Amino acid sequence: MNSIVSALRFFFTHTIDRPDLARKLVRLAHPRKLPVVLSRDEVARLLNATTCLKHQVALSVAYGARLRVAEVATLKVADVDSERMLLRVERGKGGRYRTLCCRKTCSCCCASSSQN
């Protein structure tokens with residue numbers, strides 16, 4: 001709908017030179033929807049549906065630390081600080097670096113501490 005408003009605003013302002021009509025057009029604000037939160041049983045079923053340990057760790061880290069898919073894909077073992085329970089995400093959304101707290105039950109911290 002807002003693309004139609006923008007097109008009409010351009011038409012009134014530039015084509016027929018009537019900016020007074022363009023000022024009367026109002027853009028609509030779309031209501032934001034809240035994300036669906038999974039129950040504990042649904043999360044457990046999701047994690048148990050995978051057969052590969054690598055995929056299970058990736059899913060648990062993504063859900064537990066609220067990571068995006070690209071951030072999970074670029075995670076390395078060196079990015080996990082199991083002593084301080086931190087995850088370092090490099091070049092996340094917007095190319096930013098961020099450090100996230102990890103839960104004690106997070107399988108990535110347990111897996112990295114067993115490798116040390």
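This passage describes a three-stranded sheet, a helix pair and one loop residue in a predicted model. The model is predicted, with local features requiring pLDDT of at least 70, side-chain atom pairs counted only at pLDDT 80 or more, and totals for chains, interfaces and linings using all residues. Residues are numbered from 1 along each chain as its sequence is written, and side-chain values use heavy atoms, with hydrogens and water left out.

Helices (H or I, at least four residues) and strands (E, at least two) are DSSP runs, numbered from the N terminus. Three strands make up an open sheet in the order 1-2-3, with antiparallel pairing (two strands pair if DSSP finds at least two bridges between them). Strand 1 (80-81) and strand 3 (98-101) each have a single partner strand and stand at the edges, so one side of each lacks a neighbour in the sheet. Four bridges join strand 2 (residues 86-89) to strand 3 in the antiparallel sense; R98 of strand 3 is the bridge partner of V89.

Helix 3 (residues 40-48) packs against helix 4 (residues 53-64) at an angle of about 150°, with the axes 9 Å apart. Axes are lines fitted to C-alpha atoms, for helices over the stretch in contact, and angles run from 0 to 180 degrees between N-to-C directions. The two helices are therefore roughly antiparallel (under 35 degrees counts as roughly parallel, over 145 as roughly antiparallel, 65 to 115 as roughly perpendicular and the rest as oblique). The contact (heavy atoms within 4.5 Å) involves V43, L46, L47 and N48 of helix 3 and Q56, L59, S60 and Y63 of helix 4.

K76 is located in the loop between helix 5 (69-73) and strand 1. Its relative accessibility is 47%, so K76 counts as partly exposed (buried means under 20% relative accessible area, exposed over 50%, partly exposed in between, with a 1.4 Å probe and protein chains only). K76 and L87 are separated by 11 residues in sequence and by 9.8 Å in space, C-alpha to C-alpha.
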